[in-house]
Amino acid sequence: MTIYGQTHSENKLSTTVSVAQAKSQFAALVARAEAGECIVVTRRGRAVACLGPLPKRQPIKYGELAGVWLSEDLTIPEEVICDFEPRT
């Protein structure tokens, strides 16, 4: 199974729950996924979704954007600009 380009083998998917169980225990399942567990959600015994942790976000390395230029009239949202500024 591939999630965000990362392959997850079936033996890593340790928990299987039905859609009804997932609905009634959603907050607890999200907490378990946040802690690193992968959870398969099934409908009528067939896997239909996977709840798990997101891959860790990699920082942008200096030089990755070499040669990229932005137009002078381009409006960039503030939250995007913040990603490129040093954190204090």
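**T15, strand β4 and their surroundings**

Modeller: The side chains of T15 and E37 are joined by a polar contact of 2.4 Å. The model is a predicted one.

Colleague: Why is the link between T15 and E37 called a polar contact?

Modeller: The term requires a pair of N or O atoms within 3.5 Å. The separation here is 2.4 Å, so the pair satisfies that distance limit.

Colleague: What makes T15 count as buried or exposed?

Modeller: The relative accessible area of T15 is 14%. Buried means under 20%, and therefore T15 is called buried.

Colleague: Where does T15 lie, and which residues is T15 in contact with beyond its neighbours in sequence?

Modeller: T15 belongs to strand β3, which covers residues 15-18. Leaving aside neighbours within four places in sequence, T15 is in contact with R32, E37, C38, I39 and V40.

Colleague: How do you know that the side chains of β3 alternate?

Modeller: T15 and V17 point to one face and are buried, whereas T16 and S18 point to the other face and are not buried.

Colleague: What makes β3 and β4 a pair of strands, and in which direction do they run?

Modeller: Pairing needs at least two bridges. Four bridges join β3 to β4, so the two strands pair. They run parallel. The bridge partner of T15 in β4 is I39, and that of T16 is V40.

Colleague: Why is β4 described as largely enclosed by the rest of the structure?

Modeller: Strand β4 covers residues 39-43, and four of these five residues are buried; therefore the strand is largely enclosed. T42 lies in this strand. With a relative accessibility of 14%, T42 falls under the 20% limit, and so counts as buried. Leaving aside neighbours within four places in sequence, T42 is in contact with T16, V17, S18, V19, A47 and V48.

Colleague: How do you know that β4 also pairs with β5?

Modeller: Five bridges join β4 to β5, which covers residues 46-51. Because at least two are required, these strands pair. They run antiparallel. I39 stands opposite L51 in β5.

Colleague: How many residues separate β4 and β5 in their hairpin?

Modeller: The hairpin has two residues between the strands. R44 and G45 both lie in the loop between β4 and β5.

Colleague: Why are R44 and G45 given the class they have, buried or exposed?

Modeller: R44 has a relative accessible area of 82%, and G45 has a relative accessibility of 70%. Exposed means over 50%, so R44 is exposed and G45 is exposed as well. The C-alpha atom of G45 is separated by 9.5 Å from that of T16, although these residues are 29 apart along the chain.

Colleague: What makes the phi of R44 worth mentioning?

Modeller: Most residues other than glycine have a negative phi. R44 is not a glycine, yet its phi is positive, at about 55°.

Colleague: Why is the link between E37 and R32 called a salt bridge?

Modeller: The limit is 4 Å between a side-chain nitrogen of Lys or Arg and a carboxyl oxygen of Asp or Glu. In E37 and R32 the closest N and O atoms are 2.8 Å apart, so the pair qualifies. Side chains of opposite charge can pair when their charged atoms come close. A search of the whole structure finds one salt bridge.

Colleague: What class of exposure do E37 and R32 have, and why?

Modeller: Partly exposed is the class between the limits of 20% and 50%. E37 has a relative accessible area of 22%, so E37 is partly exposed. R32, at 32% relative accessibility, therefore also counts as partly exposed.

Colleague: Which residues make the nonpolar surface patch, and what makes I76 eligible for it?

Modeller: The patch, of about 330 Å², is made by I60, I76, V80 and F84. Patch residues must have over 30% relative accessible area. I76 is at 31%, so I76 passes that limit. The same value makes I76 partly exposed. This residue lies in the loop between β5 and α3.

Colleague: How many helices and strands does the protein have, and how much of the protein is buried?

Modeller: The protein has three helices and five strands, running β-β-β-α-α-β-β-α from the N terminus. Of its 88 residues, 14% are buried.

Key. Residues are numbered from 1 along each chain as its sequence is written. This is a predicted model: local features need pLDDT of at least 70, side-chain atom pairs count only at pLDDT 80 or more; totals for chains, interfaces and linings use all residues. Side-chain values use heavy atoms; hydrogens and water are left out. Buried means under 20% relative accessible area, exposed over 50%, partly exposed in between (1.4 Å probe, protein chains only). A polar contact is a pair of N or O atoms within 3.5 Å; within protein, one must be able to donate a hydrogen and the other to accept it, and residues adjacent in sequence count only if both atoms are side-chain atoms. Contact means heavy atoms within 4.5 Å. Patches are made of residues with over 30% relative accessible area and no salt bridge: like charges are joined within 9 Å, nonpolar side chains (Val, Leu, Ile, Met, Phe, Trp, Tyr) within 5 Å. Accessible areas come from the Shrake-Rupley method with a 1.4 Å probe; for residues, only the protein chains shown count as cover.
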